[in-house]
Amino acid sequence: FLDVKLKEYTRSNLQTTFKSTKDAKTRIDVKIEDEKLCPRYMAVAVSGIKVEPSPEWMRERLIAAGSRPINNIVDITNYVMLDLGQPLHAFDFSKISNDIKIIVRRAKKGEIIETLDGEKRELDNEMLVIADKNKPIAIAGVMGGANSEVDGATTEIILESANFNFISIRKTSQKLGLRTESSIRFEKSLDPNLCELALARAVELIKKVCPDAKIASNLADEKNFALNQGPIKLNLEWLNKIIGQEIEEKKVVKILNSLGFEIKQDTKCPSGHLVSVKVPTWRATKDISIPEDLAEEVARIYGYGSIASVMPIVEMEPAEKNEEKLLEKKIKNTLAGAPALAEAYNYSFVGEEQLAKLGIDCASYVKLANPIAAHQTMLRQSLAPNLIENIRTNQARFERIGLFEIGSICLSAPGEIDKGGKTGENLPYQEKRLGIILAADEKINVFAQAKGIVEYLLMSLDLPLTFQTTEIRPDWADESACAKINVFKRDIGLATKLNSKARRGLGLKKEVAMVEISFAELFNIIKEQSMKKFRAYDKYPPAIRDLAFVVNEKILYNDIRDEIISFDKLINKVELFDVYSGGKLGKAEKNLAFHIAYLAPDRTLTSEEVDELQKRLINRLEEKFEAKIRDF
């Protein structure tokens, strides 16, 4: 195989040449308005055309390749496309305005063109069209227009061979829902040098099937392109190392030469193992640009089966622990255990209508340039909207629903991750959060259950928890059931319940409680606690006393607890063990019972000291909270 020389299919193989004669009756002018979208455009007029069925040999070959024969001119353009990979198009000369000026431009917004398949298509200003001075006559690289179609009355044509930006063609094809043999090839990025070869080949075939055909105009050729042909520096020692096989230098050079690459020895390299490789134009459009691409070429021609399979020598090392992932796994296992919550995986997107029903202003949300759906146009700033939607869509199937999700939210403020490129800008701020949602009938206190789950979770993580009142809450939250989640005097999240207005707007028939915790803040707290030094156990035993009293139901547990714990430095621990309301108590009263631990670091406290301290504490509670002490 390597002894066979590469036979390049160039114009030297063809009998056709283009000559601009002084007496040519027709002159074709081409204007390219956006050279980035059209690096090259060639066109030539051919007269003496007789449109009829193609020769049998051509029809047979087209059918064998899966193409339907139409007429000799259209069949030739398809034949050359299948032969060389370069799409062509033929326009009926008589259907183009008398001033033969072809304009390659962006379509006007709302511009309409009827394509060859008989469909009228509305274009936008991101699409490229081929036009005369009055109208578009083709959607560039996708399909020709019916207004310039070659038919049985055609006697003269304009043959087009062009190169278009692959991204532009792919986007146009997707927007129009029109993927053709032409667009399939253009969207893979073609060599602009192929235009001339394909045009010459097509003219040669036209002259073969239409004996009276002749070139009737100048050859219009507008081009503005530069291909990256290298050279690429290739280290042959590196090549053998990456392939994993010792391949002789002569064989490497022979393989690359057989594929059209030009090889030169790099004289600056003292070892002589560095070569300079020039890439052929037909491989320089997106295909070959780095040494790894050349390694792939050598390996596939040498033969993957010829490369010996050898196990790499790798030192066995334990994987580095990812503490954040371990915490995430522990939280998932905990919530899926005793609380019996199911894990949810939601898209990171939300919609305006969805947020409006929750009373959320979406002005500060990051909008997506290419949303996957009309109802998911923005990046979420909270896990709540999608979890609430999960409840709405599942409420008819279950009496009680409990879900949790660990996912990222996105704020419009700049974050720490660089966008890349030379902009110097950062991506929007992202943060991982934990969301918990419960839903049940109104007779069940889902808010209390949600707080219980949070307490259970943080207890499993050896973290102390307090719930504190807050006036800052979402618009959809019930003001009578909303609390900050506090750990070591740091707010890490919010527990709340949906208010009746939000429930009605969303069509929820169950009570819904929502918890959202900053996973990053929780992880940082756990990390800080793990770095704390060991504290020795207390040398002296504590004195435990129970204290129960009646207070107004509006007085918060946290306020009483904080007052007790801060009353004296000898009060070491305060634990609520009973809450009671109703019965003989007044309608607006509740009974709270606490275990209080008194402890001195340097001695055992006497009963008299504890009694005196507790007496003063009772006086303080009576004075501040109007507490009524109860006897056990």
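## Strand pairing and the three-stranded sheet

Two strands count as paired if DSSP finds at least two bridges between them. In this predicted model, strand 13 and strand 15 (residues 274-278) meet that criterion, being joined by four bridges in an antiparallel arrangement. Within this pair, Leu234 stands opposite Val275 of strand 15.

Strands 13, 15 and 14 form an open sheet in the order 13-15-14, with antiparallel pairing. Strand 13 (232-235) and strand 14 (262-265) are the edge strands; each has a single partner strand, so one side of each lacks a neighbour in the sheet. On average, and with direction ignored, neighbouring strands of this sheet are turned by 30 degrees against each other.

## Helices lying across the sheet

Two helices are described here in relation to this sheet. Helix 7 (residues 249-258) lies across strand 13, strand 14 and strand 15, and its direction makes an angle of about 145 degrees with strand 14. Helix 8 (residues 291-302) lies across strand 13 and strand 15, running at about 60 degrees to strand 13.

## Strand 24 and its partners

Strand 24 (residues 511-518) is mostly covered, with eight of its eight residues buried. Glu511, Ala513, Val515 and Ile517 point one way from the strand, whereas Val512, Met514, Glu516 and Ser518 point the other way. Both sets of residues are buried, Glu511 and Glu516 among them.

Strand 24 pairs with strand 20 (residues 426-440) through eight bridges, and the two run antiparallel. In this pairing, Leu434 has Ile517 of strand 24 as its bridge partner. Strand 23 (residues 490-498) also pairs with strand 24 in the antiparallel sense, over five bridges. Here the bridge partner of Lys497 is Ala513 in strand 24. Ala513 and Ile517 belong to the set of residues that point one way from strand 24.

## Packing of helix 9 and helix 14

Two packed helices are described by the angle between their axes and the distance between the axes. Helix 9 (residues 323-336) packs against helix 14 (residues 519-530) at an angle of about 110 degrees, and their axes are 11 Å apart. Because of this angle, helix 9 is roughly perpendicular to helix 14, the range for that class being 65 to 115 degrees.

On the side of helix 9, the contact is made by Glu323, Glu324, Leu327, Glu328 and Ile331. Helix 14 contributes Phe519, Leu522, Phe523 and Ile526. By class, the contact of helix 9 with helix 14 has six nonpolar, no polar and three charged residues.

Methods. Residues numbered from 1 in each chain as written. Predicted model: local features only at pLDDT ≥ 70, side-chain atom pairs only at ≥ 80, totals over all residues. Heavy atoms only, no water. Buried < 20%, exposed > 50% of the residue type's maximum accessible area, 1.4 Å probe, protein only. Axes fitted to C-alpha atoms, helices over the stretch in contact; angles between N-to-C directions. Parallel < 35°, antiparallel > 145°, perpendicular 65-115°, else oblique. Contact = heavy atoms within 4.5 Å. Nonpolar A, V, L, I, M, F, W, Y, C, P; charged D, E, K, R; others polar.
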